[in-house]
Amino acid sequence: MPGRTRRASGTAALAALALLALAACAPGAGPAPTSPPPSSPEAPTATGPAPSPPSAPPPVLRPDGSVRELATGLDAPWSVVALPNGAVLVSERDLARIVEVLPGGGTRVVAEVPGVAPGGEGGLLGLAQLPGDGEREASLYAMFTGPEDNRIVRMPVTGEPGAIALGAAEPVLTGIPKAGNHNGGRLAFGPDGFLYATTGDAGLREAARDRGSLAGKILRMTPDGAPAPGNPFGTHVWSLGHRNPQGIAWDASGRLWAAEFGQNTWDELNLIRAGGDYGWPVVEGVAGDPAFVDPVLQWPTSEASPSGLAATGDALFLAALRGERLWAISPASAAAPTAEAWFADEHGRLRDVVAAPGGGLWVLTNNTDGRGDPRAGDDRLLLVGLTG
C-alpha cells in the first residue's frame with residue numbers, strides 16, 4: 001500500500017504471530033489471534049451504551065462459495081448502502097457520483113456531490129443512511145475530501161427505487177485533516193443511534209494520539225454533527241491512535257470493531273473501547289504494552305490492506321484490497337476468533353463488504369482505482385452467499 005512509511009514495531013511478540021501460508025481460492029487458516037491487554041490505569045472509563053446480549057446465540061456464518069454479480073461497470077466504487085425502501089446506492093470515489101443499482105443490474109446516476117476534490121486516496125468515500133421518523137426527513141450522509149479538508153455532509157432522500165433523488169448537501173462536520181492518502185472515510189450509524197466516522201492520520205503521524213485533533217480517530221456524533229453525549233473526552237473523539245481505519249461494524253452483542261491499515265508489517269482488526277489508544281504511531285500491531293489496546297487479529301500487509309468490515313450472525317467479514325480476498329472471522333464472540341481467507345485472487349481488490357438485507361454479503365470490487373488490474377466489466381457489486 002503506497003504511503004506506508006512508518007517503522008515496524010520491533011517487539012518479539014510480533015515475530016511469534018507469523019501467519020500460515022494461504023491457499024488461493026479456498027479457506028485457509030488465519031493469523032494467530034491476540035487478545036487486547038487491560039487498559040492503562042490512566043485510560044478513560046467511558047464505555048458507551050452497554051451492549052444487549054442476543055436472545056439466542058447467533059449462527060456462526062461463513063461463505064457458501066456462491067458469488068453472483070449484481071452490477072458491473074462501476075468506477076472506483078467505495079461504499080454501498082441500502083435504503084429502507086430497498087434502493088441500493090454506491091459512491092464512486094473519483095467521479096464524486098452516487099449511483100443507484102437497479103434490479104436488472106444497470107445503474108443510474110443519482111447525484112454528483114458538489115465540493116469533492118478527488119486525488120490519491122481522497123474523493124467521495126463513505127455513505128450512511130438515516131431513515132425518516134415522521135419529524136426528521138430521511139437523509140443520506142457522505143464523507144468526502146474537499147479542497148481544504150475531509151468533511152461529512154447529509155442530503156435529504158426522496159423517491160422510490162429506480163427514481164431516488166437527493167437534495168442539497170448540508171455540512172455536518174468539517175475540518176477533518178486531508179491528504180493524498182490516509183483519509184479514513186467510513187461512515188455508519190451505530191445501534192445507539194449516533195453517527196460514527198473513521199479518519200486517517202492524513203500524514204500527520206503525531207496527530208493520531210492528539211485528543212485535540214480529528215485525525216487518526218474514530219469519531220462519534222449526533223446526526224446533526226455535535227459530539228455525542230458520553231464521549232470520553234467531551235469532544236467528537238471516541239478512540240484514538242489510529243493510522244487509517246476504513247471499516248467499522250457492530251457484532252451481535254453491540255460491540256464495535258474496526259479494520260485498520262498498518263504500514264509495512266501488520267494490518268489490524270481491533271475491538272474498539274471508548275477512549276482507547278490504539279498506539280499509532282508508537283506501535284504497529286501487537287505491542288504487549290498496557291498503555292495501548294492491542295489488535296485482536298493482525299495480518300501481514302500483503303494479505304490484507306483492509307477496508308470494509310461487516311458483521312452478521314456471530315461472524316465478521318473483512319474486505320482486503322492488496323490481499324485480494326475476503327476474510328471470514330469467527331466466532332466474533334470468542335476471546336480468540338479465527339480467520340479464513342475466501343476468494344483469494346478471484347475478484348481482485350475488495351473495497352467494501354456489508355450484510356445484504358436479503359441475506360448474504362454485498363461486496364464491492366475496487367480494481368479501477370488506479371492501483372488494481374481492471375478486468376472486463378470492473379468494477380462490480382457482488383452478492384456472496386452465506387451458510388451456517
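**Entry 1: Arg 108**

I began by fixing one term, since I needed it at once: a residue is called buried when its relative accessible area is under 20%, exposed when it is over 50%, and partly exposed in between. The model I am reading is a predicted one, and I keep that in mind throughout. With the cut-offs in hand I looked up Arg 108, which has 25% relative accessibility and therefore counts as partly exposed. Arg 108 sits in strand S5, and I then asked which side chain it meets in a polar contact. The partner is Glu 100, at 2.7 Å from side chain to side chain. Leaving aside neighbours within four places in sequence, I found Arg 108 in contact with Ile 98, Val 99, Glu 100, Leu 102, Gly 162, Ala 163 and Ile 164. For Ile 98 I also noted the C-alpha to C-alpha distance to Arg 108, which is 8.7 Å across ten residues of sequence.

**Entry 2: the largest pocket**

I turned next to empty space, and found that the largest pocket holds about 630 Å³. Its lining is made of 26 residues, and those nearest the centre are Val 81, Leu 187, Ala 188, Phe 189 and Val 354. I sorted the lining by character and noted 21 nonpolar, three polar and two charged residues. Several strands give at least two residues each to this lining, among them S2 (77-82), S11 (187-189) and S23 (350-355).

**Entry 3: salt bridges**

My reason for checking charged residues was a general one: side chains of opposite charge can pair when their charged atoms come close. The count for this model is 17 salt bridges, and I followed three pairs by hand.

In the pair of Arg 371 and Glu 121, the closest N and O atoms are 2.9 Å apart. Arg 371 lies in the loop between S24 (361-365) and S25 (381-387), while Glu 121 lies in the loop between S5 (107-112) and S6, so this pair ties together parts that are 250 residues apart in sequence. I recorded Arg 371 as partly exposed at 33% relative accessibility, whereas Glu 121, at 7%, is buried.

In the second pair, Arg 209 and Asp 277 meet at 2.7 Å, N to O. Arg 209 belongs to the loop between S12 and S13 and Asp 277 to the loop between S17 (266-271) and S18 (297-300), so parts 68 residues apart in sequence are tied together. Here Arg 209 is partly exposed at 35%, and Asp 277 is buried at 11%.

The third pair joins Arg 351 to Asp 369 at 3.7 Å, N to O. Arg 351 is in strand S23 and Asp 369 in the loop between S24 and S25, so the parts they tie together are 18 residues apart in sequence. I wrote down Arg 351 as buried at 4%, and Asp 369 as buried at 9%. Following that, I noted that Glu 69, Asp 378 and Arg 380 are joined into one network by salt bridges that share partners.

**Entry 4: two buried residues with polar side chains**

Is Thr 199 buried or exposed? I found 1% relative accessibility, so Thr 199 counts as buried, although it lies in the loop between S12 (195-198) and S13 (217-221). A polar atom of the Thr 199 side chain is 3.2 Å from the backbone nitrogen of Gly 216. Among the residues that Thr 199 touches, I listed Met 143, Ile 176, Asn 183 and Pro 245.

I then looked at Glu 260 in strand S16 (residues 256-260), which is buried with a relative accessible area of 3%. A polar atom of its side chain lies 2.5 Å from the backbone nitrogen of Arg 243. The contacts of Glu 260 include His 242, Asn 244, Pro 245, Asp 267 and Pro 306.

**Entry 5: backbone exceptions**

Most residues other than glycine have a negative phi, and most peptide bonds are trans, so I searched for departures from this. A cis bond joins Ser 330 and Pro 331, with omega about -15°, and another leads from Asp 378 to Asp 379, with omega near -5°. Pro 331 is in the loop between S21 (325-330) and S22 (338-342), and Asp 379 in the loop between S24 and S25.

For phi, I noted a positive value near 55° at Ala 202, which is buried at 8% relative accessibility. Glu 324 has a positive phi of about 50°, and at 21% it counts as partly exposed.

Notes:
Residues are numbered from 1 along each chain as its sequence is written. This is a predicted model: local features need pLDDT of at least 70, side-chain atom pairs count only at pLDDT 80 or more; totals for chains, interfaces and linings use all residues. Side-chain values use heavy atoms; hydrogens and water are left out. On a 1 Å grid over the protein atoms alone, a cavity is a set of points where a 1.4 Å probe fits but cannot get out, and a pocket is an open set with protein on both sides within 12 Å along at least five of seven lines; lining residues have an atom within 4 Å of a point. Grid points are joined across faces, edges and corners, and a volume is the space filled by probe spheres set on the points. Helices (H or I, at least four residues) and strands (E, at least two) are DSSP runs, numbered from the N terminus. Ala, Val, Leu, Ile, Met, Phe, Trp, Tyr, Cys and Pro count as nonpolar, Asp, Glu, Lys and Arg as charged, and the others, Gly among them, as polar. Buried means under 20% relative accessible area, exposed over 50%, partly exposed in between (1.4 Å probe, protein chains only). A polar contact is a pair of N or O atoms within 3.5 Å; within protein, one must be able to donate a hydrogen and the other to accept it, and residues adjacent in sequence count only if both atoms are side-chain atoms. Contact means heavy atoms within 4.5 Å. A salt bridge is a side-chain nitrogen of Lys or Arg within 4 Å of a carboxyl oxygen of Asp or Glu.
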